[in-house]
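Trainee: Could you take me closely through one part of this model, namely the side of one chain that touches its partner, and set it in the context of the chains themselves?

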Amino acid sequence: MKSRLAATIKLLNKTEKEAYKTLTISLFAVSFLSVFALRPSIRVIASYRKNLDTATEVNQQLTTKITNLEKAKQNLARYDIEIHKLNTALPAEFNQSDLLKGLSFLAAKNKITILKTEFSVSEREGLLETVKISLDARGTLDNIYSFLQNLEQEPRYIRINSVILQTAQTVVTAKISAKVFYTNDAKR
Amino acid sequence: MEDINLLPKIGFENLSRKAKFFYWTTKYGRAIVISFQAIVITLLFYKLYLYTNFIDISETIEEKTAILKSQTQTEKDLKDTQQKILALKSARADSFIAKNHIELIKKVVPKDIKITTLILENTSIRFTAHSQNLYLFSQLIENISKEKQVVNITLLGAQFSEENNEFTFDIELVIKKI
């Protein structure tokens, strides 16, 4: 290989040899400058470009987030009544006296008698804390139906798990098992 | 009067090594260096342009971060509301509407059948019914079977009381969850 190169060089005349020498030196100079002058600049630019791209993306995401939050703020204001209803359905804490008052009011409204009310802390369901209610009531069938219907329409969400109705003459005894929920913000 | 050089021009190949190097430096080397300088200067300006843009965007980001910080409460309220909606949906998923079960019973039970016990649960209704004759019972079964939401009917027990002359049935209905 080396001898072939030497043989080829020998074939060149003096002018051609000088031309190749000039070319070689020029190529070497170009390579040298590329490595020591261009490469650092290009590297710095690439790094700046990368930072700029990242910053642009972050800026865009922040813009989107701000726009979405603005929309959310408007929606929160627009659906204020519904959100208030939601907060009433799932209050932050379990208030036994308020719940008892509500049940007594419903019972009086539907002309039934509440014989017994029991509350027991139940297991957690996802984000919500639950309290189990066992309620014994007595009244006419229609009044019990109406009470159940009103119970389901209460602003505070009450989930009826089971209802046992037993009739004796015109009086109906109802055993209602239900659950109420609260978010327990203090725990979250 | 112009000077005329009558000496023959010395060719590149005939120059000394030092002279050759100077010749190359002043002719080709200079061009290469100038070109590279031009490129590097262009790159420097481009770098300045990128840097200015980066500074501008960084300032905008800082401003927007401050805006976002001021809206932390809105974000918290929104997340809270979304979580509550999901929790309520999940709580409602296991619920049943007693009113619907009662309406179904009212609809399918003939007037002359008396119900003494009625148990309403999530997907089932159990009841004890008393009837004076079997015709009313068959009427009841027919009415129930017409209901599309009833998936299954099970007769848990049947009795005839000679004393009261009435039939007693324990029936369980499995209700399709909508």
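Mentor: What follows looks at the contact between the two chains, after a short account of each chain and before a look at the core and one loop residue.

Please keep in mind throughout that this is a predicted model. Chain A has five helices and four strands, which run from the N terminus in the order α-α-α-α-β-β-α-β-β, while chain B comes to four helices and four strands in the pattern α-α-α-β-β-α-β-β. Of the 188 residues in chain A, 15% are buried, and in chain B the buried share is 9% of 178 residues. Counting contacts with a separation of 6 or more, residues 24 or more positions apart account for 60% of them in chain A and for 47% in chain B.

Turning to the part you asked about, 54 residues of chain A are in contact with 49 residues of chain B. On the side of chain A, the elements that give two or more residues are helix 2 (14–78), helix 3 (80–89), helix 5 (141–152) and strand 3 (158–168), and of these helix 2 gives the most, with 31 residues. By character, the residues on this side of chain A divide into 32 nonpolar, 14 polar and eight charged. Strand 3 of chain A also pairs with strand 1 (residues 114–120) of chain B, in the antiparallel sense and over four bridges; within that pairing, A:Q166 has B:T117 as its bridge partner.

Away from the contact itself, the largest nonpolar core holds 40 residues, of which A:A137, A:I144, A:F147 and A:V163 touch the most other members. Strand 4 (residues 171–182) of chain A supplies the largest share of this core, with six residues. If residues up to four places away in sequence are left out, A:A137 touches A:A107, A:I112, A:T113, A:I114, A:L115, A:I144, A:F147, A:A174 and A:I176. As general background, nonpolar side chains in soluble globular proteins tend to be buried together.

One loop residue deserves a careful look as well: A:K111, found between helix 4 (96–109) and strand 1 (113–121) of chain A, has a phi near 55°, a positive value in a residue other than glycine. A:K111 counts as partly exposed because it has 13 C-beta neighbours inside 10 Å, whereas a residue is called exposed at 12 or fewer and buried at 20 or more.

Methods: Residues are numbered from 1 along each chain as its sequence is written. Chains are lettered from A and ligands numbered from 1 in the order in which they are written. This is a predicted model: local features need pLDDT of at least 70, side-chain atom pairs count only at pLDDT 80 or more; totals for chains, interfaces and linings use all residues. Two residues are in contact if their C-beta atoms, placed from the backbone, lie within 7 Å. A nonpolar core is a set of buried Ala, Val, Leu, Ile, Met, Phe, Trp, Tyr and Cys residues joined through C-beta atoms within 7 Å. Ala, Val, Leu, Ile, Met, Phe, Trp, Tyr, Cys and Pro count as nonpolar, Asp, Glu, Lys and Arg as charged, and the others, Gly among them, as polar. Two strands pair if DSSP finds at least two bridges between them.
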